[in-house]
Amino acid sequence: MSLLQGTRSTRVRLPIPNSAKRIRPLFAAAVPAILLLLFLLFAGACATKTLTLEERAQGIDQRLMCPVCPAETIDQSQADVALQMRELVREKLRAGESEEQIFDFFVERYDKGVLAEPPAEGFNVLVWVIPPVALVLGLALLWFGIRHLGRPEHRGMSSEGDWEAESERYLREVKEEFEAYRRASGAGEASGQGS
Amino acid sequence: MAELGTLSLFFALTLSLYACVGSVIGVRKSLPELVTSARYSAYLTPLPVIVSVMALVGAFLSRDFDIKYVAEHSNAAMSREYAWVAFYAGNEGSILFLAVALAVAAAVALALAPRLHQASLAYTCAVVTGVLTFFLAVLVFLANPFEATAVPVPDGRGMNPLLTHPGMFVHPPMLMTGLVTVTVPFAFAVGSLLAGRTGDEWVDTGRTWALVSWSILGAGLLLGGWWAYTILGWGGFWAWDPVENAGFMPWLVLTAFVHSIMVQKRRGMFRVWNIALINTAFTSALLGMFINRGGPTPSVHSFAESVLGWVFLGFMVVTALFSFGVLFKRINFLRNAQRLESKLSREAAFLVNNLLFLAIAFVIIWGQVFPVLSDTVTGVTITVGEPFYNQVNGPLLLALVFLMGIGPLVPWRRGSFRQLRRALLLPFIMALAVAIVLIGLGITKAFPLLAVGLSAAVATGIVREWYRGTRARHRSGESYPVAFLRLISANRPRYGGYVVHLAVVMMALAIVGTYFFETQRDVRLAPGQTTEVSGYSITYIESEQRDFPDRAERIATVEIVAEDGRSLGTFRPEQSFYPAFNLRPARAAIHSTPLEDVYIIPNDFFPDGTVGFRVLVNPLVMWMWVAGPVMVLGTLIALWPARSRARAPTMVSVPSVMPTPARAAE
């Protein structure tokens with residue numbers, strides 16, 4: 001593998017000025033292209049498609065739990081309650097109620113557990129806050145970990161080349177220890193709890 | 001049958017306990033004979049466990065309703081082939097399955113392990129049989145599947161009807177095997193630490209077994225998705241359900257491990273980290289088993305089962321304390337062989353990968369535990385469901401796809417931005433091109449554009465690597481097919497990994513397709529009536545009802561006609577009702593093409609002859625199922641042993657067996 005990379009890079013190295021020239025225009029083209037993409041993304045986000053009533057209803061279905069079935073939304077469940085709730089959602093949408101009003105209605109009826117995602121209020125804010133906080137902490141740990149591993153004292157112990165020497169040294173050590181162990185025939189304690 | 005089963009379980013427990021205790025005493029008191037004898041005992045343990053499995057399956061086949069477990073999970077009407085499924089349909093049987101899978105895996109792993117390190121092998125044997133002893137003890141003392149029925153019954157209750165599906169012959173066994181075999185790489189890691197071998201000797205064996213466990217678990221999860229898709233009747237394959245999460249969490253941690261172990265294999269780095277990872281993987285596998293037996297989440301499990309759940313949780317805490325304790329004790333001896341030369345290196349990329357996988361696993365645990373927390377603090381029960389996981393884990397998964405496009409192109413040791421820019425140019429131009437085409441097709445949502453674009457970048461990167469390598473070999477005189485195959489076999493972990501990455505790309509497409517572009521309609525049709533869903537005309541023709549002793553099947557006949565007027569055939573989706581369980585499993589009509597699935601499921605049969613159908617048009621789902629075999633193929637390539645030179649029998653029966661802890665203590 002490393003052999004392969006080696007041959008490739010030597011081959012590439014010769015015509016570097018050439019290839020650099022070839023690549024740079026492409027790279028220059030990439031920047032406007034990315035900008036174009038960003039523009040299109042935002043344009044797309046702004047031009048919100050108007051959803052049909054059924055699509056809105058399905059969106060609500062997916063955020064309401066079926067009160068009698070463990071861990072299923074009313075969109076997934078085939079229980080009668082779920083069926084009735086789906087019907088109710090559509091009725092209410094037709095009557096012009098907003099999503100909040102509909103959720104409030106079901107919360108009043110079945111308590112907060114009916115919402116598939118906990119509302120970000122009070123103590124329950126934590127459920128949303130902790131994951132990003134943990135990720136940031138993880139990133140910080142990663143950063144320091146990488147810096148720590150990059151310090152020079154980590155060089156050295158036994159690189160792959162020293163493996164033979166290392167294992168020979170180890171074998172010798174073991175033999176010595178074994179001899180010592182045999183001499184101190186008190187045996188049992190020898191494997192003691194040193195560290 | 002019952003006596004035979006119980007007796008063999010008791011035998012198995014004795015053998016396994018002897019293997020565990022014998023190994024420890026043997027290695028501590030320098031009695032090589034005892035160590036060997038204990039290992040032989042571990043080789044033997046699978047036998048009685050298999051006998052007790054056969055006894056249980058036999059009891060199902062002979063409809064021995066005097067056994068409580070058989071009476072609860074089958075009945076006279078059950079067809080015979082389902083005896084195998086019924087065997088692990090309940091709590092006791094599934095623990096027996098875990099035990100048999102672990103017993104076999106342990107024996108195979110110990111028998112195949114390199115004989116270089118007697119002491120660590122002895123400790124490994126002790127750890128793996130220790131875990132096995134736990135399962136067997138639970139079976140013998142707490143959850144004996146051969147317990148007699150209190151009051152004789154003429155017929156059993158029957159198997160849970162959701163389980164009568166071909167997928168059930170393989171999905172639960174694979175999931176459970178995957179979960180429990182995490183013990184093997186864990187045992188090699190902890191075993192070598194206990195023996196004071198703080199080098200990299202455990203790495204190859206540990207990696208092999210971690211990959212085995214990882215791929216079995218992954219395949220099991222996919223099969224579970226397929227089962228949910230065809231039978232649960234809502235048209236999706238993943239809902240972040242507690243039980244799904246229970247298998248997914250360890251899989252994520254294992255994925256992190258099989259990546260970062262490569263760094264130790266090649267460069268002798270991350271020694272502490274890899275052991276911490278495999279410990280975490282094992283702990284989360286036990287957590288998964290706890291959740292499956294009535295964990296912290298809403299479930300319909302009975303009290304008896306939740307007691308067992310706490311036993312698993314207790315065992316999890318004990319093993320976690322033990323394994324991390326051992327790691328902590330040896331931590332000063334686990335130095336890295338080399339320093340991390342650059343932040344822009346494959347090593348660092350693997351660390352970022354690890355962070356992301358662990359973050360997703362953390363989100364899952366957090367989502368599972370939070371309802372309990374909230375309940376105790378505020379007194380209000382809340383639900384943490386699908387929308388939460390999608391919103392929090394969606395971006396993390398996207399970041400992983402992004403990393404998958406870059407990581408493999410970053411060289412080991414030290415990369416330069418120049419080089420990276422050159423390597424990334426083509427993939428990301430591809431990504432842009434794909435995104436622009438998609439925008440042209442009218443897709444404007446940011447997440448799918450990013451996900452599909454990045455997937456294109458990943459695929460381009462992989463294909464180009466293959467192309468370049470093959471071309472280089474071709475130039476030195478090999479024909480293209482030969483060059484391609486030799487390229488792959490020259491660095492199997494790498495090219496096998498690429499195949500797995502391609503499978504992940506397929507899954508990403510399927511997920512984006514179904515999550516963002518699915519069309520769903522609930523319609524009520526009278527016979528002869530037609531409805532149209534995104535271009536397909538669906539005609540409901542007729543329905544019939546068939547009555548069975550345990551269920552009533554209602555079958556609807558529907559015809560699907562494509563947009564161009566071509567008939568795609570008639571289908572017979574069905575829904576059954578099982579009064580004993582109050583369950584209505586369905587069997588969907590699915591017309592699958594690589595582009596999209598038409599999915600029809602009858603939900604309601606009304607008295608007036610009309611039928612309520614749910615019709616879905618699901619883009620790209622098929623790629624989810626194609627990804628499974630591709631992923632397994634990639635794993636096999638990555639696992640395939642290099643031409644055997646390492647297998648030279650270096651049977652050093654040096655007394656290296658002994659006072660190794662003393663060495664570590666120096």
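## Overall size of chain B

Chain B has a radius of gyration of 27 Å, which agrees with the value near 26 Å for a compact globule of 666 residues (taken over C-alpha atoms; the globule rule is 2.2 Å times the number of residues to the power 0.38). This is a predicted model, where local features need pLDDT of at least 70, side-chain atom pairs count only at pLDDT 80 or more, and totals for chains, interfaces and linings use all residues. Residues are numbered from 1 along each chain as its sequence is written, while chains are lettered from A and ligands numbered from 1 in the order in which they are written.

Along its principal axes, the C-alpha trace of chain B spans about 85 × 75 × 60 Å. Of the 666 residues in chain B, 53% are buried (20 or more other C-beta atoms within 10 Å of a residue's own, against 12 or fewer for exposed and in between for partly exposed, with C-beta atoms placed from the backbone).

## A helix pair

Let's turn to the helices. Chain B holds 21 helices and 10 strands (DSSP runs numbered from the N terminus: H or I of at least four residues, and E of at least two). Helix α19 (residues 492-517) and helix α20 (residues 622-639) of chain B have axes that come within 7 Å and cross at roughly 170 degrees (lines fitted to C-alpha atoms over the stretch in contact, with angles from 0 to 180 degrees between N-to-C directions). α19(B) is therefore roughly antiparallel to α20(B) (an angle over 145 degrees).

Note on methods
Parallel < 35°, antiparallel > 145°, perpendicular 65-115°, else oblique.
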